[in-house]
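Reader: I would like a close look at one part of this model, a hairpin and what follows it. Please keep the account plain and take the parts in order.

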Amino acid sequence: MTSFQIGIIAVFVIFAVIGVLAFSGIGGIGGNDNEIGKVQIWGTVPQELMDAMFNDINIEIDNFVGVNYTEKDKNTYNNEFVEALASGTGPDLFLLPHDGIVRHKDKIIELSYKSFSEREFKNTFIEEGELYLTEMGILGLPFIIDPLVMYWNRDIFQTAGIANSPQYWDELFVLSPKITQRDLASNITRSFVALGEFDNIENAKEILSAFIIQSGNPIVAFVDGELKSVIKEKFGFATSPAESAVRFYTEFSNPVKSVYSWNRSLSNSKQLFASGDLAIYFGFASELSSIIRTNPNLNFDVSLLPQLRDSNRRVTYGEMSAFAVPRASRNPTGAFIVGIMLTDIVNISAFSSAMGLPPVRRDLLSREPSGAFTSVFYDSALVSNAWLEPDSVEADDIFQNMVESVTSGRARLGEAIDMADEELNLLLRSR
């Protein structure tokens, strides 16, 4: 697409969005109706990437000069956002991670379906984006998707005489005894897969969330109009999907099992994989560059997260962020215009390439990607899913307690699931 075409599309978007937002009753630009005005954006994306995108847009659109982005620390982002809104110094537009929807939804202006129809939204963005939909409108316009994938060490697999990575979870039971190595004192010297513990497993909550969702349990759901935990529900199965998922997860840390592959004395799973002593690592697409930097000589590949053999639906976990407009925005119309512009096909394509991540748009995912890793990331993005966490840090603690109460013997499996259900409901009610 030429620069002239990009410019024409951008101008068309501005006028079209101003029209529909005016029709739906959202105003607040001030000045000429064809100006975006000042829009302050917050997010955790690296400053240099957003600045580069804005510079490209500024070349084509003069009235984009009032748009500025500020990078925030991921660890303090939520609290800083709340404090800024309270003091009247918050952003006009901000990146809302999917695990912040429950916490911040009452602070957000919904984009009316009159402005952007639900049908158009579903046709445009991947299914995980529907976490941002409500009965009344759209809480956020998806911008980033970072899917959970399977990194696997080709040297380890080939040395063990195994040609391909596992496609299904039950294959791990067969492969683990073939690959895991122990010394004479039964200490693990080479691990097949990092599952079963929590503290030293990177992305443990996300891996377990993927298991549970694949098993047929959404973890939380709206019941009589209220968001509640459904983690202990059976959904027509003889055993609850969450119980089956946690049982599978914890098998690999049980030293009496043939699949024993992990314990809490081992190094962090990502570090162990990068060192060449872990055969399979479950990590996000965004971790690719850091793995390569840590060990440029590591011979590894990437595959879709394993699936349940008897399932007719593929699922992985994905971390998503979307552009949302806070109620305290000083320029909501300009913010909505910028949000729609930044999530159009041109800008999403450019941003995704710069980040090394798959796009959130269906039209871009339908294109043939270049690169072996990229094709896996594209496939994973299309089947990404997640759940509405009331608080990511506290949810992490709940999942850790659930796993460790089983592995330590403090509670039976069903009791651990029941406790997690109760804790999640308490947390949801507090939000």
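Is Asp 224 buried or exposed, and what is its relative accessible area?

Author: Asp 224 is exposed, with a relative accessible area of 78%. The model is predicted, so the confidence comes before the details. The protein chain has an average pLDDT of 92, and 92% of the residues reach at least 70. Residues 1-12 are a stretch with pLDDT below 50, and in the model this stretch makes 9 contacts beyond near neighbours in sequence. Residues 27-33 also have pLDDT below 50, with 13 contacts beyond near neighbours in sequence. Where pLDDT is low, the coordinates of a prediction should not be read in detail.

Now the hairpin. Asp 224 sits in the loop that joins β10 and β11. Strand β10 covers residues 220-223 and pairs with β11 in the antiparallel sense, over 4 bridges. Two of the pairings can be named: Val 223 has Glu 226 of β11 as its bridge partner, and Ala 221 has Lys 228 of β11. Between the strands of this hairpin there are 2 residues, and Asp 224 has a positive phi near 55° there. Most residues other than glycine have a negative phi. Asp 224 is not a glycine, yet its phi is positive.

Strand β11, residues 226-229, has two unlike faces in terms of burial. Leu 227 and Ser 229 point to one face and are buried, whereas Glu 226 and Lys 228 point to the other and are not. Such alternation of side chains between the two faces of the sheet is what a regular strand shows. The bridge partners named above can be placed on this pattern: Glu 226, the partner of Val 223, and Lys 228, the partner of Ala 221, both belong to the face of β11 that is not buried.

After β11 the chain enters the loop that leads to α9, and Phe 235 is found in that loop. Phe 235 is another residue other than glycine with a positive phi, here near 50°. At a relative accessibility of 41%, Phe 235 counts as partly exposed, while Asp 224 in the hairpin loop is exposed.

The loop ends at helix α9, which spans residues 241-251 and packs against helix α17, residues 413-430. The axes of the two helices come within 10 Å and cross at roughly 120°, and the crossing is right-handed. On the α9 side the contact involves Ala 242, Glu 243, Val 246 and Arg 247; on the α17 side it involves Leu 413, Gly 414 and Ile 417. By class, these residues are 4 nonpolar, 1 polar and 2 charged.

Further along the chain, Ser 269 belongs to helix α10, residues 269-275. Ser 269 is buried, with a relative accessible area of 0%. Leaving out residues up to four places away in sequence, Ser 269 touches Ala 194, Asn 200, Ile 201, Glu 202, Trp 262, Leu 278 and Tyr 281.

A second helix pair can be set beside α9 and α17. Helix α2, residues 47-60, and helix α13, residues 345-355, have axes that come within 11 Å and cross at roughly 145°. This crossing is right-handed too. Leu 49, Met 50, Met 53 and Ile 57 of α2 meet Asn 347, Phe 351, Ala 354 and Met 355 of α13. The contact has 7 nonpolar residues, 1 polar residue and no charged residues, whereas the contact of α9 with α17 includes 2 charged residues.

Notes. Residues numbered from 1 in each chain as written. Predicted model: local features only at pLDDT ≥ 70, side-chain atom pairs only at ≥ 80, totals over all residues. Heavy atoms only, no water. Buried < 20%, exposed > 50% of the residue type's maximum accessible area, 1.4 Å probe, protein only. Pairing = 2+ DSSP bridges. pLDDT = per-residue confidence, 0-100. Contact = heavy atoms within 4.5 Å. Axes fitted to C-alpha atoms, helices over the stretch in contact; angles between N-to-C directions. Left-handed = near helix turned anticlockwise from the far one by under 90°. Nonpolar A, V, L, I, M, F, W, Y, C, P; charged D, E, K, R; others polar.
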